[in-house]
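Q: I'd like a close look at one charged side chain and its surroundings. Could you walk me through it once the model is on screen?

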Amino acid sequence: MDLDLRKVRYFVAVAELLHFGRAAERLHIAQPVLSRQIRALEKDLGAELFVRDSHGVTLTGAGCQFLEDARPLLAAADGARRRAAQAARGRRRLVVGFRAGVVVTRALRAFTAEHPDVEANARRVMGAPPARA
């Protein structure tokens, strides 16, 4: 059996909100569609993930375990997709030219913290106008 990541995402939304209607709104899908997808996931797994009653929705033991496993699974899948897209684009570079007396390290560190996928370097520019260098 292959695990459908879309269904796993749906499950996590319901598990976090413990409400099918609000989860459907978050996911921008109709609530009956969400309910069918969760039922299909439960069938695929051979385990009930939620207890549904007049008081609302709660996770079963299997649901708690699956939620614990689902979050890193989705994070790994998102990371793999992001890294593949990055590899297809090639490594991005930013070179900041500066003249003596201008401190760029703080800005460069902030940039690399926000954009870890970009190789950022500083280069001191002497003589030529910075734009040409």
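Q: Is K7 buried or exposed, by its relative accessibility?

A: Happy to take you through this predicted model. K7 has a relative accessibility of 13%, and because the cut-off for buried is under 20%, K7 counts as buried. Its side chain is paired all the same: K7 and D44 form a salt bridge, with N and O 3.2 Å apart. K7 belongs to helix α1 and D44 to helix α3, so this contact ties together parts that lie 37 residues apart in sequence. The partner is less hidden, since D44 is partly exposed at 33% relative accessibility.

The salt bridge formed by R6 makes a useful companion. R6 pairs with D4, and their closest N and O atoms are 3.1 Å apart. R6 is partly exposed, with a relative accessible area of 39%, and D4 is also partly exposed, at 24%. The structure holds nine salt bridges, and R9, D78 and R81 are linked in a network of them.

Now for the nonpolar side of the picture. The largest nonpolar core has 20 residues, and F11, V14, F20, L34, I38 and F50 touch the most other members. Helices α1 (5-17), α2 (20-27), α3 (31-45) and α4 (61-89) each supply at least two residues of this core, with the largest share, seven residues, coming from α1. Leaving aside residues up to four places away in sequence, F11 touches several residues, among them I38, L41, F50, F66 and A70.

Terms used:
Residues numbered from 1 in each chain as written. Predicted model: local features only at pLDDT ≥ 70, side-chain atom pairs only at ≥ 80, totals over all residues. Heavy atoms only, no water. Core = buried A, V, L, I, M, F, W, Y, C linked by side-chain atoms within 4.5 Å. Buried < 20%, exposed > 50% of the residue type's maximum accessible area, 1.4 Å probe, protein only. Helix = DSSP H or I, 4+ residues; strand = E, 2+ residues; numbered from the N terminus. Contact = heavy atoms within 4.5 Å. Salt bridge = Lys/Arg side-chain N within 4 Å of Asp/Glu carboxyl O.
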